[in-house]
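Notebook open, viewer loaded. I want to write down what I look up as I go.

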Amino acid sequence: MKSPSPLGPDWIACHHCEAPCRIRHVHPGTELRCGRCGSTVLSPAGRKTFQPALALSIAGLFALFLANTNPVLTFDVAGRTQSGYIVTGIGELFHQGYWPIAALVFTASMLAPALYLASVAYVSAACSMKFPLPGIFAAFRISTWAEPWNLIPVYSIATVVSVVKLRMIGGVTWNDGARWVLAVALLTLFAQQVFERRMVDLRLEAMAAARRNEGRAS
Amino acid sequence: MTDSFRISTARALVTTAAVLYVPSNVIPVMTMTVAGKTDPLTVLGGVKELWDSNLPAIAGVVFLASFVVPFLKVASLGWILWLHGTDRHQGVRDKVHRIVHRIGSWSMIDIFLLSVLAAVGQLGALGSVTAEPGAIYFCSVMISCLLAAEIYKPRLIWESPGETDP
């Protein structure tokens with residue numbers, strides 16, 4: 001198991017600007033801030049745990065599955081109706097020859113949300129059990145990579161705008177898929193708020209140190 | 001990836017985004033055909049259509065997300081990279097980088113809109129939605145800015161003058 005931090009045990013890198021900061025005990029009501037960029041480096045753990053992130057990310061994965069398996073909207077013009085899933089739009093753009101746009105929409109609305117929620121669930125589960133599951137650092141890196149590409153909240157706003165546009169032409173019905181898209185968007189936003197990368201960094205570091213000590217003892 | 005490679009790549013991406021920003025707003029991003037009437041829509045054309053339909057709030061959201069945000073992203077990343085290697089406004093640059101990172105993704109709203117409309121708007125002669133080349137330019141601007149903000153790490157803002165400038 002490889003430690004994520006190249007710094008010594010008394011030091012932690014600022015999560016934002018990567019400046020080394022010496023770890024000290026933080027009392028309730030205080031926090032350790034980066035001397036360079038001012039970001040919070042350490043804050044009292046208090047009652048914070050990894051369970052909220054775990055619960056939200058698992059719920060988000062279920063909602064994402066349902067958002068992708070139910071139609072989002074039904075459009076009706078002069079008695080002719082058409083329902084569309086998230087993947088329908090991607091397929092249509094691909095068939096029209098705009099595969100780069102199709103690939104981007106697929107990444108931002110399906111792949112990255114799934115990778116982000118799954119990796120957050122995996123890392124949160126390992127951290128809350130204090131058990132170094134295999135590939136934990138890779139999962140943590142995936143969650144970092146997938147976060148800016150996880151644009152399902154933007155997709156939910158685009159769905160609302162498209163309903164407004166389509167109502168100018170014909171009738172539109174919200175389907176279950178749209179509700180699940182909104183649910184994924186909210187769960188993702190909440191998961192991003194409660195998934196504390198600083199706490200994960202510290203927990204992974206502690207697990208790596210414990211593993212090293214075990215190795216020395218045996 | 002070395003720091004000098006990061007900086008030159010970020011500069012190339014922001015220059016690309018700045019160049020492509022013009023065609024992304026001039027060339028239509030989609031064509032809506034309703035009952036035989038074809039209507040090519042640019043980003044601002046879509047905003048005007050919403051405004052004309054007495055939907056100023058929605059028009060405002062789309063205008064901000066699709067026109068203002070990409071412009072601000074290109075301009076602010078250009079400014080950050082322009083001042084790279086100097087110790088001027090390091091704190092402000094760091095804050096601007098944070099904001100760009102946070103709001104940058106909202107400009108994807110137009111591309112998702114195109115995807116949702118294309119999903120349900122294939123009703124043959126009654127109505128159809130097709131993508132247009134402007135959407136490719138728009139996506140390129142969006143991806144270039146997103147990658148530039150990812151590649152140019154905030155720590156590079158704080159480096160001493162001349163440390164990594166290629």
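Before anything else, a definition: I call a residue buried under 20% relative accessible area, exposed over 50%, and partly exposed in between (1.4 Å probe, protein chains only). With that in hand, I looked up His89(B), which is partly exposed at a relative accessible area of 43%. I found His89(B) in the loop between H3 and helix H4 (90–103) of chain B. Its phi is near 50 degrees, a positive value in a residue other than glycine.

Ground rules next. This is a predicted model, where local features need pLDDT of at least 70 and side-chain atom pairs count only at pLDDT 80 or more, while totals for chains, interfaces and linings use all residues. Residues are numbered from 1 along each chain as its sequence is written, chains are lettered from A and ligands numbered from 1 in the order in which they are written, and side-chain values use heavy atoms, leaving out hydrogens and water.

**Chain B overall**

I counted six helices and three strands in chain B; these are DSSP runs numbered from the N terminus, with helices (H or I) of at least four residues and strands (E) of at least two. Read from the N terminus, the order is α-β-β-α-α-α-α-β-α. The C-alpha trace spans about 60 × 30 × 20 Å along its principal axes. Chain B has 166 residues, and 51% of them count as buried.

I also checked contacts (heavy atoms within 4.5 Å). In chain B, 72% of those with a separation of 6 or more join residues 24 or more positions apart.

**Ring pairs**

How many aromatic pairs does a search of the whole structure find? It finds five over all chains. Rings of Phe, Tyr and Trp (its six-membered ring) pair if their centres lie within 6.5 Å; planes under 30 degrees apart are stacked, over 60 edge-to-face, and the rest tilted.

I started with Tyr21(B) and Phe67(B): the centres are 6.1 Å apart and the planes sit at 45 degrees, so I log the pair as tilted. Tyr21(B) is in helix H1 (residues 3–26) and Phe67(B) in helix H3 (residues 56–82) of chain B, so this pair ties together parts 46 residues apart in sequence. Tyr21(B) is buried at 13% relative accessible area, whereas Phe67(B) is partly exposed at 24%.

Phe67(B) has another partner: its ring and that of Phe63(B) have centres 5.4 Å apart and planes at 20 degrees, so that pair is stacked. Both residues lie in helix H3 of chain B, four residues apart, about one turn of the helix. Phe63(B) is partly exposed too, at 33%. Following the ring pairs, I get a cluster of Tyr21(B), Phe63(B), Phe67(B) and Phe71(B).

**Over to chain A**

Where does Asn70(A) lie? I found it in the loop between helix H1 (51–69) and strand S5 (73–77) of chain A. Its side chain reaches the backbone oxygen of Leu66(A) at 2.8 Å. Leaving out residues up to four places away in sequence, Asn70(A) touches Tyr85(A), Asp176(A), Gly177(A) and Trp180(A).

Lys130(A) also has a positive phi, near 55 degrees, in a residue other than glycine. Lys130(A) lies in the loop between helix H3 (99–129) and helix H4 (136–146) of chain A, and it is exposed at 56%.

Last lookup: His25(A), in the loop between strand S2 (20–22) and strand S3 (32–33) of chain A. His25(A) is exposed, with a relative accessible area of 61%. From His25(A) to Arg141(A) I get 27 Å, C-alpha to C-alpha, across 116 residues of sequence.

Notes
A polar contact is a pair of N or O atoms within 3.5 Å; within protein, one must be able to donate a hydrogen and the other to accept it, and residues adjacent in sequence count only if both atoms are side-chain atoms.
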